[in-house]
Amino acid sequence: MARVPRDPGDETAWILRLQQEVEQLKEAVASHAVVDQAIGVIVALGRVTPDEGWAILREVSQHTNIKLRNVSELILIWGRSGEMPEEIGTELETLLDRHGPTQIPGAPPLE
C-alpha cells in the first residue's frame, strides 16, 4: 500500500489518484454486473450453460467489433424490448445454433 505523502502538494495529487481509482473501480463493478446479466439472458433464452453463455457473449463482441459491455447492454435491451441491431442478432443466432441448446436435467428431450 502506498504511503501517505507528507508534502501538501503531494497529498493533493495522491487524493486525486485515489479518487480516480475509486471511480474506475465503480465503473468496473457496474460493467461486470451488466455482463453477468447479459450472460443470464443468453443462458435462459438459448438454453446453454453459463460458460457457453460467456463464450457466446465474448464471440459476439469479437465478431462484431463492439465492446463487450456495449454488446451486453444491447442484449439486456433486447431481453426487455425485443429489439436488437441486426448485426448482433445475426451473430448471436449463429453462435447459439453452434453452442446449444443444452439439455436441461429433467426436461423433456429436445427435438
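**A four-helix chain, question by question**

Colleague: Hello! About how many Å² does the chain expose?

Modeller: Carbon and sulfur atoms supply 56% of the exposed area. Accessible areas here come from the Shrake-Rupley method with a 1.4 Å probe, and for residues only the protein chains shown count as cover. The total that the chain exposes is about 7900 Å².

Colleague: Thanks! What kind of model is this?

Modeller: Residues are numbered from 1 along each chain as its sequence is written, and side-chain values use heavy atoms, with hydrogens and water left out. Local features need pLDDT of at least 70, side-chain atom pairs count only at pLDDT 80 or more, and totals for chains, interfaces and linings use all residues, as this is a predicted model.

Colleague: Which pattern does the chain follow along the sequence?

Modeller: Helices (H or I, at least four residues) and strands (E, at least two) are DSSP runs numbered from the N terminus. The chain has four helices and zero strands. Read along the sequence, that gives the pattern α-α-α-α.

Colleague: Are helix 2 and helix 3 roughly parallel or roughly perpendicular to each other?

Modeller: Helix 2 (residues 50-64) and helix 3 (residues 68-81) pack with their axes 9 Å apart, at an angle of about 115°. Axes are lines fitted to C-alpha atoms, for helices over the stretch in contact, and angles run from 0 to 180 degrees between N-to-C directions. Angles under 35 degrees count as roughly parallel, over 145 as roughly antiparallel, 65 to 115 as roughly perpendicular and the rest as oblique. Helix 2 and helix 3 are therefore roughly perpendicular.

Colleague: Which residues of helix 3 make the contact with helix 2?

Modeller: Contact means heavy atoms within 4.5 Å. Helix 2 brings Trp 54, Leu 57, Arg 58, Val 60, Ser 61 and Thr 64 to it. On the side of helix 3, the residues are Leu 68, Val 71, Ser 72 and Ile 75.

Colleague: And is helix 2 oblique or roughly parallel to helix 4?

Modeller: Helix 2 and helix 4 (residues 86-99) pack with axes 9 Å apart and an angle of about 140°. That makes the relation of helix 2 to helix 4 oblique.

Colleague: How many charged residues does the contact of helix 2 with helix 4 have?

Modeller: By class, Ala, Val, Leu, Ile, Met, Phe, Trp, Tyr, Cys and Pro count as nonpolar, Asp, Glu, Lys and Arg as charged, and the others, Gly among them, as polar. In the contact of helix 2 with helix 4, seven residues are nonpolar and three are polar, while the number of charged residues is five.

Colleague: Is Glu 59 buried or exposed?

Modeller: Glu 59 is found in helix 2. Leaving aside its neighbours within four places in sequence, Glu 59 is in contact with Leu 95, Arg 98 and His 99. Buried means under 20% relative accessible area, exposed over 50% and partly exposed in between (1.4 Å probe, protein chains only). At 15% relative accessibility, Glu 59 counts as buried.

Colleague: What is the relative accessible area of Thr 64?

Modeller: Thr 64 is also in helix 2. Beyond its neighbours within four places in sequence, Thr 64 is in contact with Val 71, Glu 87, Ile 88 and Glu 91. Thr 64 is buried, and its relative accessible area is 7%.

Colleague: One last thing: is Asn 65 buried or exposed?

Modeller: Asn 65 is in the loop between helix 2 and helix 3. Although not a glycine, Asn 65 has a positive phi of about 60°. With a relative accessible area of 73%, Asn 65 is exposed.
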